[in-house]
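Student: I am new to this structure and would like a close look at a single part. Could you walk me through it slowly?

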Amino acid sequence: MPAKDIYHNNVRTALEKDGWTITNDPLTLEIGDRSLFVDLGAEKILAAEKQGRKIAVEVKSFLSISPVHDLEEALGQYIVYEDILELSEPERNIYLAVREEVYLDIFSEPLGQLLLRKKRLKLIVFDSSKEIIVRWID
């Protein structure tokens, strides 16, 4: 099992504060003989729905010297997880969780804006010190 991202617990706490129940830590995905691990699985029961809403969350710190390299790696991982979830748990949406500083950096640039405009990924933007979710980007 891979090591947890340094902001894993911050995101977990932020989701719980936002009313989510953590159902998996990590969420195991299986395809063929392979097992992959998404950082968190969570569910939120909505008053208007009996089943609620399910998500998978991959936490990324973006701490390397190259935010573009970090983005490439995160996007590749995100796509693999998204495709497996489409087969195994189509009701579950995947999100990439990034700190607000990362969002304001790489995702405010033309490259990040292009990915968001093309709906290549969904984001959870969080404040790591306050352990709160700042915004959801679908």
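Student: Which residues in helix 1 are buried?

Tutor: Happy to help! This is a predicted model, in which local features need pLDDT of at least 70, side-chain atom pairs count only at pLDDT 80 or more, and totals for chains, interfaces and linings use all residues. Residues are numbered from 1 along each chain as its sequence is written, and side-chain values use heavy atoms, with hydrogens and water left out.

The buried residues in helix 1 are His-8, Asn-10, Val-11, Ala-14 and Leu-15. Buried means under 20% relative accessible area, exposed over 50%, and partly exposed in between, with a 1.4 Å probe and protein chains only. Helices (H or I, at least four residues) and strands (E, at least two) are DSSP runs, numbered from the N terminus. Looking down the axis of helix 1, you would find its buried residues within an arc of 165°, so they line one face of the helix; the arc is that of the directions from the helix axis to the C-beta atoms. An α-helix has 3.6 residues a turn, so residues three or four places apart point the same way. On the face turned away from the buried side, helix 1 carries the exposed residues Asn-9 and Lys-17.

What lies over the buried side? The cover includes strand 1 (21–24), strand 4 (40–44), strand 5 (53–59), strand 6 (92–99), strand 7 and strand 8.

Now look at the two ends. Just after helix 1, Gly-19 has a positive phi of about 95°. In the segment before helix 1 (8–17) sits Asp-5. Asp-5 is buried yet has no salt bridge, and Lys-60, the nearest side chain of opposite charge, is 5.7 Å away. A salt bridge would be a side-chain nitrogen of Lys or Arg within 4 Å of a carboxyl oxygen of Asp or Glu; for charge, Lys and Arg count as positive and Asp and Glu as negative, while His and the chain ends are not counted. The side chain of Asp-5 does reach the backbone nitrogen of Ser-61, at 3.1 Å. Neighbours within four places in sequence aside, Asp-5 is in contact (heavy atoms within 4.5 Å) with Val-59, Lys-60 and Ser-61.

Finally, follow the chain to Ser-129, in the loop between strand 7 (123–127) and strand 8 (132–137). The C-alpha atoms of Ser-129 and Tyr-7 are separated by 10.0 Å, although these residues are 122 residues apart along the chain. Ser-129 counts as exposed because its relative accessibility is 65%.

Terms used. A polar contact is a pair of N or O atoms within 3.5 Å; within protein, one must be able to donate a hydrogen and the other to accept it, and residues adjacent in sequence count only if both atoms are side-chain atoms.
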